[in-house]
Structure formats: C-alpha cells, structure tokens
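I opened the notebook to look up backbone geometry and confidence. The entries below keep the order in which I went through them.

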Amino acid sequence: MTVLQAWRRPLPWGNLVVHLLLLACVAVIAFPLYYAFVISTQTVDEVLARPPVLRPSTHLVENYAAAWTRSHMGRLLWNSAVVAVAIAVGKIAISMLSAFAIVYFNFYGKHLAFWMIFVTLMLPVPVRIMSTYEVVGNLGWLNTYWGLTVPLMASATATFLFRQFYLTIPDELAEAAQLDGAGPLRFLWSMLLPLSWANIAALFVVLFIYGWNQYLWPLMITNTESMQVVVIGINNLIPRTGTHIPEWNVMMAAAIMALLPPVAVILFMQRWFVKGLIESEK
Amino acid sequence: MKRTFFRNRWLPYLLVLPQVAITLVFFFWPAFESLRLSLYRSSPFGGNDVFVGLENFLKLLASPDYYASIVNTFIFSFSVTALAVGAGLSVAALASQRIRGLTAYRTALLWPYGIAPPVAGIIFLFIFHPSYGVLPYFLSFITAYEFYWLLKGWVAMALVIVATVWTHLGYNIAFYLAGLQAIPGSVLEAASVDGAGGMRRFAFIVFPLLSPISFFLVVANMVFSFFETFGVIHAVTQGGPGGATEIMVFKVYKDGFIGLNLGSSAAQSVILMAVVIFLTMLQFRYLEKKVTY
C-alpha cells in the first residue's frame, strides 16, 4: 500500500529499532527545551553547580515571577499577541480579497497586479530595511501597532494559495449564485468564505508563528519599552557581563514564556499547522 | 480554462487595493529607494546626497570586512542547510516506517518550528556556556578545548548554526514526510519482489523520487538562513566575536542602522536582492518540475 509497508516487511526486528531510533531523535530535539525548563526551576546556586543538575527544582514560581516583573512580560506578551494576530488576520484578509478579484473578475491591470504581488517574494525585509524604515517614519508609524504590522501584511504565498483554491471551485457554483441574484461580495461571503475555513485555519497557524517570531522589523521600528515584542524584550535578561549575577534561571523562565504561545498553537492545531506549512510553500 | 466572471467596473480594483497599496508603499518604493541610494553618498541627516555611481559597490568589493561577511554567510547558510535537510531526510525516513504512534512522533519532532531562532539562540547560549553550560561540561571529559564563545569565533558560529537548525529541522521533516507519503507503494513492492533490500530501495527509488522536494528544501533553507536568521545573530552574538558571526544581513543592519552609512548599506541591500531573486527563480524551477511530475 504505502512505501512504509513495503519497507518494513524484510525487517521483523525493525520495528523496535525504528522506535528506539525515533525516541532518540525526539529526546535530542526535546532536550534543549527540557534543559531550559529545568534551569528555570532552580536557584542560581543550582544553576552554577558542577556537575550540572539535570532535574527540576522547586523555585519555579519565584523565577517566573521575577522574569515577569523584570521584563514587563505582560506587556511584551500582549504586544506579541496583538502583532501576531493582526499580521495573520490582515494577511489572510487582503490575500483573500485580491485572489478573489484575480480569479473572478476580468479587469484592466489584472496581470500587473498579480505580477506585483508575486515580486514581493523577492523583497524580504532585510533587502529594503533602511528605506522601509524611512517610509514608516514619514508616516509617523514608529512605535505603533500600525508600523509593526501593516508593512508585513502583503503576502504573495497566501494570495497564491487562495487563488489555487478558488480555481478548484467549480464554475457552476458562481453561476448558480448569480442566477439566485447574489452579487460578487455576497458570493464571497456566503460561499467562498465557508468553503475556505480549512485553508484559513491552516494559514492562520503558520502566519501567527511568523508574526510572533518577527525580530528585525520590531527591533528597528520600536524603541520604547511599551511597544517592544517578547522575542526582543527578553534579551535584556541575558546575563552578559561578569558583573551581573548569572541569573540564567530567570532568563530561561522568560525564554519559556516567550516560546510557549507559538508552540502551544502548533500543538493544539497540529493538523492545520502541517497543512498550512506545506500548502503555503507550494 | 473558462471561468465565470463577475462584471463590475470598480469592485475588482477595490478588492486588490489593500494588497497593491501595501506592496507599492512598503515593498516597491523602498526597493527602488534602496537602488537609488546605492548610487549615492548621502548624509544621514538629510539634505545633500551626492551621486557617486558605483563607488559604494567598488568600496564593498575592496573591503575585507565585506568578504568576511560573505564567507560567514556561506559557512552559516551551507551548514544550516546541509544539517537541517540531511537530518530532516533521515528522521523523516525513520518516522515514515509503518509503525504505531506516527502522529505522536510527528508532533514530537515538529514543535520546535514554533520557537523563534533568537529564543532558541538564548537557550543554546546557556547550553554552550563555557563555565555553566551542560555541553562544555560533558565535552570536557573528551577534550580539553576551551569552549569560550565570547572569544572563539568558530564556537560562536557553531552555536548559532545549531540553534537555527534546531528550530528549522521540523520544517524539513514535515515536507519529507509529505513527500514520502506521496510515493506509490506499488513501485516499492515491485522492487522488493525483485529482491532489493531496504537500503537499496531507499537509495535507488525513494531518494530519486524525493529529489524535487530535496531541491526545493535546499533552496528554501538557503533563503531562510540568508534572510530570516538576523535575530539569532543579533540576540546571541551581535556578530562577534571579532565579526566571526557577522552575516550579510546583519552587516546591512549594522552599517545602515547603527553606522548610518546609508550608501554602503543600500549597496549591500542591492546585492542581497540579487541573491534573493536568484534563489526565488530556482524555487520556481521546482514548481515547474512539480507540475510535470
């Protein structure tokens, strides 16, 4: 039936070996997170102990509380959530609309619009950073949610995905809608949108993670503590110089808080995540 | 292909407007501005831009720092790509055996993708910590080498590579798993009847059938490591020690945003633009292949 069946047959002992190898892979991949968690529950003395203590201790609450207050974690997490949701929703909304226009209308300049959207693939933030910064500055958007999100909302891949999806929808559906007297917006709202939920959910997961993990852009256009996102804000806790108390326990507590929301989104929406990952790249 | 088209004079323009407006204002205009700036020597405080032609580019070509950043970028991107794609294929080949608990394994292998590279970098910063980290501690039984990332360039480089691979491995595993599931079992059955063992079937059938995906993943990983990994460098090493982890994207930021050398930064942006155009074109060759395949 599948590859997998065909592979397995000559190796009756193979199952166990495969399980052991996979468990080893999982252990190696999970170790850094486990280690970060363990450190986040220890005292500084335990963190510095040699040989290293590799099991959790009892200081979880105080370390997380320290990380929370010292880095204004509440505000950082809130900003990251706003940015991630706004980028994901914004990208999906404007991509749906433009894909709808491109598939269901004939208009002058359609190919130009499509081409322009396509070319954005070749203009990632780093290749236009200074000038984009200037544009956002001129708009007065530095240190605002607008500045953090709107410039990242154009999305060629999401537009392609919706375009591909609309192309698979039979023409008869639009014809029937027209016969019933539904206009294009009505059709988009009552037919295409409900049919697109699976795609939307999948894209949302991938784009949420993309938005949450943005670094260069927020670093440039925010310089006030109250507008910073968590991925950047936690850097202040890294014990860099010898004069600091090496509070890696507090640092790791902050790192865990910063990485938990996107990882939780993956775990809870695993099905959609894989679909979104693979579809958005095709 | 015949489609049903709605008729409306202005609605389609209104529908594409948000996307096109953002594209023009935040993508095209800045890109052209970068192109223009790359030909000027400009003062950071506005006013007198002087046209200097290709001087910014010539200066870059004569600059050992710039060569160093190119070399660093290649070491970084090639290592990340080779490790993440190679390990991704191996793990996916294992995880696609017909065994119980496949979904659980897949989840357990995928989740690091949610972790931002800079956050991963901070975790590995501690794992690599010369006096408290767990890695130097265990390695000290094998070698007397000092893993001092603040002084040794290659240790810092290894640190950012490992952190980046950790977050990106799941992406490649997801693609390879999807690709492996798409291979028709009958082909392998036939090979198996002809007496080909597991290894031979993998080498002569599975691997060639996966080559379009491998090609795509190599390019996608290159794009990722070129353009999406600024954060891990900035958060963890700041390009140091002694410029050892200063990759091209980091240098664009440093020279432009910190050093206010706008002309040089713009020229570097233009060079990066050429790289990303090249890589995007490569990616499209994969798409073409996929259509015929």
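My notes on confidence come before those on the backbone.

Entry, confidence. I am working with a predicted model. For chain A I read an average pLDDT of 88, with 93% of the residues scoring at least 70. I then looked up where the confidence of chain A is lowest, and found helix α1 (residues 3–8) of chain A at a mean of 50. The highest value in chain A belongs to helix α5 (residues 73–104), at 95.

Entry, peptide bond. I asked which form the bond from R50(A) to P51(A) takes, cis or trans. I found it cis, with omega near -5°. I placed P51(A) in the loop of chain A that runs between α3 (44–48) and α4 (60–70). For reference, I note that most peptide bonds are trans.

Entry, phi in chain B. My background here is that most residues other than glycine have a negative phi. I looked up Q238(B) and read a positive phi, near 55°. I located Q238(B) in the loop between α11 (230–236) and α12 (248–258) of chain B. I also looked up L260(B), where phi is positive and near 55°. L260(B) sits in the loop of chain B between α12 and α13 (262–292).

Entry, accessibility. Are these residues buried, partly exposed or exposed? I counted Q238(B) as partly exposed because its relative accessibility is 43%, and partly exposed runs from 20% to 50%. L260(B) has 34% relative accessibility, so I entered it as partly exposed.

Methods. Residues numbered from 1 in each chain as written. Chains lettered and ligands numbered in written order. Predicted model: local features only at pLDDT ≥ 70, side-chain atom pairs only at ≥ 80, totals over all residues. Heavy atoms only, no water. pLDDT = per-residue confidence, 0-100. Helix = DSSP H or I, 4+ residues; strand = E, 2+ residues; numbered from the N terminus. Buried < 20%, exposed > 50% of the residue type's maximum accessible area, 1.4 Å probe, protein only.
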